[in-house]
Amino acid sequence: MKRILQTYSLGIVAIGVIFTFAFMAVFAYGVSPDNSPYANQMHIQLATQPPGTQISVLHKKLASPSEKTGLLQGLQSGFSLEYEEIPVTIAEKDSGIIRYEVIGSTLSKSISANDVIYDKSGNYLHSRVFHLGTDRYGRDLLSRLIVASRVSFVIGFIAVGISLLIGLPLGLLAGFYGGWIDRIVMWLVNVVWSIPGLLLVIALTLALGKGIFQVFIAIGLTMWVEVARIVRGQVKSLRERPYVEVAKMMGFSSGKIIWGQILPGVLHPVIVVSAANFATAILLESGLSFLGYGAQPPLPTWGGMVKDHWPYLLMGKAYLVLWPGLCILLLVLSFMMLGNSMRDFTDPRKKSL
Amino acid sequence: MRKNLKNTTYTFSVLLGVVSLVFFLFTVLPGDPARMMLDQREDSETLEAVRKKHGFNLPIYQQYLWFLNDLSPIGWHSSDPEHVSAHQNRPVLVVFYKASSGHFLLKWPHLRESFQQQGQRVNSIIGRVLPNTIILALAAMTLALILGITLGVISSIRPGSILDHTITLVSTLGMSVPSFLSAIAIAYLFGFLWSSYTGLPMNGTLVEWDDWGESKRIAWENLILPAFTLGIRPLAVITQLTRSSMLEVWQQDYMRTARAKGLTLRQQALRHALPNALNPVITSASGWLASMLAGAVFVEYIFGWNGLGKLIVEALDTLDLPVVMGCVLIIATFFVFINFAVDIIHAKLDPRIKEKQ
């Protein structure tokens with residue numbers, strides 16, 4: 001047991017990281033400080049504030065408040081705002097009127113005391129902390145990071161799903177039947193293989209139009225190649241095994257042999273390659289978002305956040321790039337290490353450890 | 001001999017597939033290319049003229065055939081300058097046969113004209129930047145091969161040691177960093193924050209004008225950071241490939257013999273193990289080259305290196321489809337030939353392959 005823990009320690013850490021991110025992605029709007037849809041509350045006056053900035057805000061009632069979002073719907077797509085946040089420096093309550101100055105301006109403004117929302121102890125000033133600072137539109141960086149984790153997971157699942165949907169049957173057919181089917185599939189694999197993934201995805205998004213769903217599909221359509229190649233190779237070697245020969249002699253139909261004898265033997269390498277593909281999909285998506293071809297605003301993505309903020313490096317605001325970059329790196333690294341651990345785990349030569 | 005012929009035919013069929021796929025993706029699927037070229041100024045007459053000039057008004061299969069005719073080194077081109085496939089502007093090498101209606105000739109593959117840059121030939125646009133990318137890629141490749149093989153050999157000598165674990169972890173890390181992130185980090189750290197120590201610029205390309213704008217000079221110092229950044233990913237891949245194939249070689253009987261002969265560890269590793277372990281590194285060349293060229297898009301864009309990758313990003317911004325198409329075709333053709341070469345080298349290196357066939 002201790003031996004196993006030691007050998008697969010990195011894999012276990014990786015699973016921990018993946019689960020943490022997955023929790024973040026599922027309960028994004030439950031855990032993010034700014035739980036409005038897409039964590040998109042802008043405060044232009046507060047652009048690129050350093051981590052830990054604390055300010056006071058007035059909660060001004062909206063003229064036409066939208067309906068209160070239910071818990072389930074809120075967790076799914078964010079809670080609609082019931083008030084407008086006004087970041088203030090000074091605020092005084094004076095006989096039914098609150099006078100205040102907005103951050104970044106010295107103009108004195110006033111608002112009726114009935115138009116603001118009070119907290120439980122009756123204070124009209126609410127404290128707001130930006131734990132990781134704010135982005136260039138004055139949005140809470142931490143909240144954007146949390147909500148952005150969703151895109152990375154969804155892209156992974158959809159792209160891997162599409163790649164399996166296409167790659168698995170093609171690989172099985174090519175490996176099992178050989179002959180002209182094999183030649184056609186391998187020709188197709190070689191054609192797609194010759195165009196670097198990133199360029200193919202860009203070409204596909206040009207054809208399908210900009211947007212996050214097009215990117216999901218485009219990435220899936222480029223990654224089946226890897227699956228088909230691995231499956232085909234595995235099936236080719238499995239086809240010669242005695243138990244498959246026996247099944248053939250017993251007159252089982254091809255479909256039954258593929259389903260019952262071949263498929264179980266293919267699953268392990270497919271799972272391993274899927275973990276690696278998950279990582280590749282996240283990398284590709286972040287690259288596309290960085291070039292502006294992925295998600296469109298206001299939907300946050302880690303790649304897009306790096307794109308928005310890398311010019312700020314020269315102004316000494318490295319944290320704006322550091323956090324989204326670190327998130328991509330950590331999640332991709334975890335999936336790669338998970339894949340490596342699973343490969344070692346299913347490798348019979350390492351079983352003896 | 002027959003096998004070579006078969007291989008060559010197959011390579012060309014893959015190439016045809018690539019060209020068809022690219023044509024389909026860029027010409028058939030997107031909206032109206034004539035509108036893309038003209039932007040806002042879209043009166044119907046100009047649109048019609050542009051469609052006629054580029055052949056967008058023809059049926060798809062005819063457009064496809066003229067496209068192939070343009071790309072093929074041997075083709076027929078009309079002498080009518082209004083024709084889609086007029087021989088004017090084609091990079092002609094040899095004229096085989098001349099008739100009044102057209103010329104049958106040998107030429108460079110013609111990648112047509114840019115949508116945006118006043119109808120400049122894509123061939124010459126790409127020709128200007130291609131050498132820069134080749135130099136950058138060669139520098140990165142050399143770095144990746146030398147460092148990668150060294151690290152792979154070192155970590156295979158004592159598998160499971162702390163050194164081995166560190167090298168494996170760092171190389172996995174190298175594969176996990178998106179190229180744009182490593183480029184930004186390296187440009188920022190070595191080109192900006194510590195540039196007074198390194199003396200390196202944050203961005204710049206190979207050929208630069210001097211401060212007075214009078215003469216051009218080759219700025220080799222601009223190459224260092226981009227080449228290193230571009231090398232990270234292939235370096236990581238090569239390290240892991242070398243390591244795993246070295247581990248297998250160490251188990252072979254002839255390695256036991258080498259040990260029994262009393263050779264030093266160095267002799268065992270370099271003379272006996274390494275030459276046999278290099279096979280997978282070479283046969284998967286297309287894999288790590290692909291990862292490198294995809295990275296070049298970001299690295300060139302961020303470092304301002306005037307190469308193919310930067311050209312692609314700029315052309316995408318302006319929807320200059322012929323330029324993007326040309327770049328994709330050039331890179332894909334390169335890979336088709338790399339795979340062809342790898343097959344041949346593989347058979348030469350590993351006699352077992354030959355016996356099988």
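**View 1. A hairpin in chain B: E2(B) and E3(B) form a hairpin with three residues between them.** Keep in mind that everything here comes from a predicted model. Five bridges tie E2(B) to E3(B), and the two strands run antiparallel. To find one rung of this ladder, look for Lys98(B): the bridge partner across from it in E3(B) is His103(B). As a bit of background, strands of a sheet pair through backbone hydrogen bonds, either parallel or antiparallel.

**View 2. The other neighbour of the hairpin strand: E3(B) also pairs with E1(B).** Strand E3 of chain B covers residues 102-107, and five bridges link E1(B) and E3(B) in the antiparallel sense. Trp76(B) is a handy landmark here, since Phe104(B) in E3(B) stands opposite Trp76(B).

**View 3. A nonpolar patch on the surface of chain B.** Which residues form this nonpolar patch? They are Ile74(B), Trp76(B), Leu93(B), Val94(B), Phe96(B), Tyr97(B), Phe104(B) and Trp108(B), and together they have about 830 Å² of accessible area. Two elements give two or more residues each: strand E1 (74-78) and strand E2 (92-98) of chain B. E2(B) supplies the largest share, four residues. Zoom in on Phe96(B), which sits in strand E2 of chain B. Why do we call Phe96(B) partly exposed? Its relative accessible area is 46%, and partly exposed is the label for values between the 20% and 50% cut-offs.

**View 4. A five-stranded open sheet in chain A.** Now hop over to chain A, where the strands line up in the order E4-E3-E2-E1-E5 with antiparallel pairing. At the edges you'll find strand E4 (108-112) and strand E5 (125-130) of chain A, each pairing on one side only. From one strand to the next, the twist averages 60 degrees. Take a look at the E5(A) edge: six bridges hold E5(A) against strand E1 (residues 53-61) of chain A, again in the antiparallel sense. One facing pair to spot is Gln54(A) with Val129(A) in E5(A).

**View 5. Thr172(B), a residue that touches both chains.** Thr172(B) belongs to helix H6 of chain B, which spans residues 162-176. Is Thr172(B) buried or exposed? Thr172(B) is buried, because its relative accessible area is 4%, and buried means under 20%. So who are the neighbours of Thr172(B)? Leaving out residues up to four places away in sequence, Thr172(B) touches Leu333(A), Met336(A), Met337(A) and Asn340(A), plus Gln240(B).

Notes
Residues numbered from 1 in each chain as written. Chains lettered and ligands numbered in written order. Predicted model: local features only at pLDDT ≥ 70, side-chain atom pairs only at ≥ 80, totals over all residues. Heavy atoms only, no water. Patch = residues over 30% accessible without salt bridge, like charges linked within 9 Å, V, L, I, M, F, W, Y side chains within 5 Å. Areas by Shrake-Rupley, 256 points an atom, 1.4 Å probe, with all protein chains shown as cover. Salt bridge = Lys/Arg side-chain N within 4 Å of Asp/Glu carboxyl O. Buried < 20%, exposed > 50% of the residue type's maximum accessible area, 1.4 Å probe, protein only. Contact = heavy atoms within 4.5 Å. Pairing = 2+ DSSP bridges. Axes fitted to C-alpha atoms, helices over the stretch in contact; angles between N-to-C directions.
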